[in-house]
Amino acid sequence: MREFIFDCVDTTRFELRILECETYQEFLKIATDEEMLYYIGIPSTEVAEEKKKAQYGFRTYNKSYLMFLIIDRETSEILGYCGYHTWYLEHDRAEIGYGLYSDNWKGKGVMTEVLNTVLHYGFTEMNLRRVEAFISPDNVASLSTVKKFGFIKEGQLRSHYVKGDNIEDSVVYSLLINEYNSMNSNK
């Protein structure tokens, strides 16, 4: 297997492998199914779909993508992802998304630890002034997570996302840089 180099950021328990749009797109073009599973955590049954996304590109003149894979330091297992799947370059704002691949890791503080680092990276390295979260009103865990970080509820978008055969509303939350800085100066 070839060695691919990705930049990383560390938390106490996890390594966060950074997937910038250009690097990730190039990786998807040349990686084997085995390399996709090893480096990105995508099983061979989902490789074709992921590579299809890359054909259209992850970046335009005004929008980009930056994701972090969550890797357990002890086992090197890829647990999930957290990052900015919609980053509006001209407006210094991004939509955050996150998920864990296994229920075994839910409720163990993974996303709280990771989100702390990813938000810091977004506000300091990406120079974001606003981070947005669009969450299903039924996703109690995710709603609780963003509230922990001081995200403010702005409203609800009707019929906003298609998930499988269902059309879901999204509750809109945001965190501004001055709110983030204020929360972190009190720690």
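**Notebook: helices, cores and pockets**

I began just past α2, where G41 takes a positive phi of about 85 degrees. A reminder to myself before going on: this is a predicted model.

**Entry: helix α2**

Having landed at the end of α2, I looked at the helix itself. Which residues of α2 are buried? I found E35, M36, Y39 and I40. Looking down the axis of α2, I saw these buried residues fall within an arc of 105 degrees, so they line one face of the helix. That pattern suits a general rule I like to keep at hand: an α-helix has 3.6 residues a turn, so residues three or four places apart point the same way. On the face turned away from the buried side I noted E34 and Y38, which are exposed.

**Entry: helix α5**

Next I turned to α5, residues 140–148. Its buried residues are S142, L143, T145 and V146. Viewed down the axis of α5, they fall within an arc of 160 degrees, so here too I can say that they line one face of the helix. V140 and A141 are exposed on the other side of α5. What covers the buried residues of this helix? I listed β5, α4 (110–124), β6 (130–135) and β8 (166–176) as part of the cover. Just after α5 I met G150, with a positive phi of about 85 degrees.

**Entry: nonpolar cores**

I then asked which members of the largest nonpolar core touch the most other members. Of its 37 residues, the answer is I70, C82, Y84, I96, L119 and F151. The elements that give two or more residues to this core are β2, β3, β4 (78–88), β5, α4, β6, α5 and β8. I put α4 at the head of my list, since its eight residues are the largest share. Apart from this core lies another, of 18 residues, and I jotted down F4, L19, Y24 and A31 as being among them. For context, nonpolar side chains in soluble globular proteins tend to be buried together.

**Entry: the largest pocket**

On to the pockets. The largest one has a volume of about 1600 Å³. I counted 49 residues in its lining, and the closest to its centre are Y81, G97, Y98, G99 and L100. Which element gives the most to this lining? It is strand β5 (residues 93–100), with six residues. Sorting the lining residues by type, I got 23 nonpolar, 14 polar and twelve charged.

**Entry: the second largest pocket**

This pocket has a volume of about 200 Å³. Its lining brought me back to my starting point, with G41 in the list together with E15, R17, Y38, Y39, I71, D72, R73, S76, E77 and I78. Two or more residues each come from β2 (14–20), α2 (33–40) and β3 (63–72). By type, I noted four nonpolar, two polar and five charged residues. I was pleased to meet two α2 residues again here: Y38 and Y39 both line this pocket, though Y38 is exposed while Y39 is buried.

**Entry: L89**

Last, I looked up where L89 sits, and found it in the loop between β4 and β5. Its relative accessible area is 23%, so I logged L89 as partly exposed; the cut-off for buried is under 20%. I also checked L89 against A133: they are 44 residues apart in sequence and 17 Å apart in space, C-alpha to C-alpha.

How values were computed
Residues numbered from 1 in each chain as written. Predicted model: local features only at pLDDT ≥ 70, side-chain atom pairs only at ≥ 80, totals over all residues. Heavy atoms only, no water. 1 Å grid on protein atoms, 1.4 Å probe; cavity = no way out; pocket = protein on both sides within 12 Å on 5 of 7 lines; lining within 4 Å. Points joined across faces, edges and corners; volume = space filled by probe spheres on them. Helix = DSSP H or I, 4+ residues; strand = E, 2+ residues; numbered from the N terminus. Nonpolar A, V, L, I, M, F, W, Y, C, P; charged D, E, K, R; others polar. Buried < 20%, exposed > 50% of the residue type's maximum accessible area, 1.4 Å probe, protein only. Arc of directions from axis to C-beta. Contact = heavy atoms within 4.5 Å. Core = buried A, V, L, I, M, F, W, Y, C linked by side-chain atoms within 4.5 Å.
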